[in-house]
Amino acid sequence: MSTKAEIPVETDFSAEVQEWIEAFDEVIVGEGPEQGATLLDALRKRARQAGVNPPGELTTPYINTIPKHEEEPYPGDQALERRVESLIRWNAMAMVHGQNKKDPGIGGHISTYSSLATLLEVGFNHFFHATYGDQPGDFIYFQGHASPGVYARAYLEGRFDDQRLANFRHELRDTPGLSSYPHPWLMPDFWRFPTVSMGIGPLNAIYQARFMRYLEHRNLIEKTPRKVWAFVGDGETDEVDTLGALSVASREKLDNLIFVVNCNLQRLDGPVRGNKRIIDELEGIFRGAGWNVIKVIWGSDWDKLFERDHTGLLLKRMEEAVDGEFQAYKAKDGAYLRREFFGKYPELLELVSDYTDEQLIKLHRGGHDRTKIFNAYKRAIEHTGGPTVILAKTVKGYGLGSTQARNASHQEKKLSDDAIASFVHTFNIPVPDELAKQGKPWKPTPDSPEIKYIQEHRAKLGGYMPRRDVPELKFKAPALDYFKEWTGGSKGRAVSTTMGFVSVLRHLLKDPEIGKLIVPIVPDEGRTFGLESAIRQVGIYASEGQKYKPHDVDMMLYYREEQDGQILEEGITEAGSMASFTAAGTAYSNYRVPMIPFYMYYSMFGFQRVGDMIWAFADSRGKGFLMGGTAGRTTMLGEGLQHQDGHSHVLASTVPTCLSYDPAYVYELAAIVQDGIRRMYQENEQVFYYITMYNEDYAMPEMPEGVQEGIVHGIYKLKAAPKGKATAQLFGSGPILNEALKAQEILAEKYGVQADVWSVTSYNELRRDALAVERWNRLHPAEPEKTPYILSALNGSKGPIIAASDYMKSVPDQLAPWLLNRLVSLGTDGFGRSDNREHLRSHFEVNAESIVAATLSRLSRDGKFDTAKAQKAIAELGINPEKGDPAKA
Ligand SMILES: Cc1ncc(C[n+]2csc(CCOP(=O)(O)OP(=O)(O)O)c2C)c(N)n1
Ligand SMILES: [Mg+2]
């Protein structure tokens, strides 16, 4: 047992507190630490009873965080706002309902918005700024499935007419449609942030808030009270993406970030936490991660009951009930609630004895109570030093009669006539009878009090939301000449394309015009790519600067963190890095500053790991460069199966706006980057780039004359057959181009076969061009045929084509339909292995010997080379024809 003397004494307590401490010490010393713990536990419970939330506890009682006596009165006209909200509810429902009547199966959702309506409306009327002076306003990430409500508000505001609503999920008609969910690609004047893939919205919102700070700290935008609001489903919090970056927000003290979790207790199939309470769980998680948590659980009409209850039983009963029960209370009637909830304790039954069943069922949840929501939002925007989450308890399918709080609510698209009648009655909708019966959208005239009210409130907040605009940018991209150090070759020095890229990047960072716009992003791979010099040059962004003296401070390339640092060193999070890339790549619209992000990462951990984030980036009309480092299944040596990427180019080809390149030489890479900046920022094309870069060192040649066009289109002839006319064509990409060049020599010297060598920088782009040309030809049979770029480039070159790369065979195979000669693809299908490049290339059959063997074998089958000689050559080249297939190994 410890003695009093052993307990270290805190001296800075007040005398009064000191007495308490001494008393506590006595207990520990006299009765042992267990008794100390019991005492603490008792005190904590006592504190709770007295309404004191002991600091350090992760969950608090199941009541509103803001007590009634601290509430401010609601600043708006509640009755009028309720009417407006009812009209929006009506129109959202009528739009989805009508569309499904017209076109069964077209889908749409009514239950998500019905739970979210008040949470959004309080924001639209009192909080969401479209602008701050001449600066852009707040950013709102809407729950994707609540889109019908957002459209219905825009309809009341006069932004959409009846025809536009009639085109909900009818996007392919002559007039503009309304996309199913928030998609900036489909509605570029309206939506800013795609959110419907669960988890992507909240993750992007966190990094958006941080990127806003980054731009402020770097003096690229003005500091404003601008907020990022993310409306998140409670079911959506199951996604690791939703909760995985919470600590970023608290660490970075993002008080410009507000999450509102719509806790309607349900997801698609059923309850989110039937056997527990999701609000408690989320409170613990967010609080533990350092967020300011505001719970909005009960509506104002419960306040009276809490005041009446002197037994503490009401709270006790609430904390006994689980979400499955809370859901059932709203799916059933007042009698059920009385029996099952209040009925457990006679004192509680007594508490509501003067309430009718009708009154009981109308007891509101906090997320449907304007005053509670207003106060929570107000606290959230006033909170400083960190992010806030509002956990708002709501009812899924609120007010939708027999659809309310049912497990099947989420899928509900159409209401019965009875349900419509009850809807009109519940919300007291002033819609004319005829339209009500037909379930048709309706709005009052522009001079009605409802419309005037919302117009005035929006005008006060700077205009309509959501809205996306793109300012005209006068951007002048550097010409190719600007990169002459890199197009000039490495003068015999062996370097990698990665090293080449980093020096191109450093050059860009120094540029007096566009240098400040460059955003290098890296997930803890800076050293892998040799970024140390850039770290020294522009520093790593650290919102609080560098509070410590780095151990390597006396070295030239020390680890430099700065409040205005330019590099985003994200730590080990490809998803987070992608979110930063998204914030930076859309800054041209969101902040009116054309930031140019270069996100460098292990190519293996890109498209296949965060592919959905990349898809959302494309939907967002993002611009920038994804730089897939340590690329190639055989060039990335040693690391084995999980690191060696031989397929990211296949995946890149699936994203419509992604232009992907696999350059072999630094001059190719420089030409692609130059063209990319021009196309994206000067010509304002809606594309982005994926460029693979490798870590194999070799001498980089000087850029030959006249190849710039070929590089950006995807192919050019690098080296014609050494002696006379070629009878075979060798395609190479990335470092495997060097193997093709070696093969060209072996073929000529040992086997007397002449071959041309082509550098293919992008099969994906060549295929897209060929598909577009083919489509045009197909649709214009009477016109002279156009020729795809690949065929004009080849210009009648003779002989089979042997295409080798460090990527899967399906990459070159994409061109097969258009090539006039037989294509033989060599590639890295199959799982990687840990070994050196020589063994890897031999294993995957992409080395020079395999290219030679493939060429001779093809020529012999075409009757252009002796078959016995071809067989013998395979042995001479050291290839075992009976070895296992690497694609299956
Ligand atoms: C990544 C992903 N997985 C699955 C879905 C399909 N889905 C759409 S809504 C939904 C349930 C949403 O529940 P919740 O987040 O609680 O939102 P609520 O509609 O209840 O407000 C699911 C599973 C999706 N959109 N995205
Ligand atoms: Mg839900």
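These exercises, with worked solutions, cover a helix pair, a ligand site and two backbone features.

The model is predicted: local features need pLDDT of at least 70, side-chain atom pairs count only at pLDDT 80 or more, and totals for chains, interfaces and linings use all residues. Residues are numbered from 1 along each chain as written, chains are lettered from A and ligands numbered from 1 in written order, and side-chain values use heavy atoms, leaving out hydrogens and water.

**Exercise 1.** Describe the packing of α11 and α12.

Solution.
- Two packed helices are described by the angle and the distance between their axes.
- Locate the helices: α11 spans residues 300-308 and α12 spans 313-320. Helices are DSSP runs (H or I, at least four residues), and strands are E runs of at least two, numbered from the N terminus.
- Take the geometry: the angle is about 120 degrees and the axes lie 8 Å apart. Axes are lines fitted to C-alpha atoms over the stretch in contact, with angles from 0 to 180 degrees between N-to-C directions.
- Therefore α11 is oblique to α12. Under 35 degrees counts as roughly parallel, over 145 as roughly antiparallel, 65 to 115 as roughly perpendicular, and the rest as oblique.
- List the contact (heavy atoms within 4.5 Å): Trp302, Leu305 and Phe306 of α11 meet Leu314, Leu315 and Met318 of α12.
- Classify: six nonpolar, no polar and no charged residues.

**Exercise 2.** Characterise the surroundings of ligand 1.

Solution.
- Find the shell: 18 residues surround ligand 1, with Thr112, Gln143, Asp234, Gly235 and Lys396 nearest. The criterion is a heavy atom within 4 Å.
- Sort it: three nonpolar, 10 polar and five charged. Ala, Val, Leu, Ile, Met, Phe, Trp, Tyr, Cys and Pro count as nonpolar, Asp, Glu, Lys and Arg as charged, the others, Gly among them, as polar.
- Check backbone atoms: a ligand 1 nitrogen is 3.0 Å from a polar backbone atom of Val196. A ligand 1 oxygen is 2.9 Å from a polar backbone atom of Glu236.

**Exercise 3.** Place Pro466 and Lys253 and describe their backbone.

Solution.
- Pro466 is in the loop between α20 (449-460) and α21 (484-487). The Met465 to Pro466 peptide bond is cis, omega near -5 degrees.
- Lys253 is in the loop between α9 (246-251) and β5 (257-263). Its phi is near 55 degrees, a positive value.

Technical notes
A polar contact is a pair of N or O atoms within 3.5 Å; within protein, one must be able to donate a hydrogen and the other to accept it, and residues adjacent in sequence count only if both atoms are side-chain atoms.
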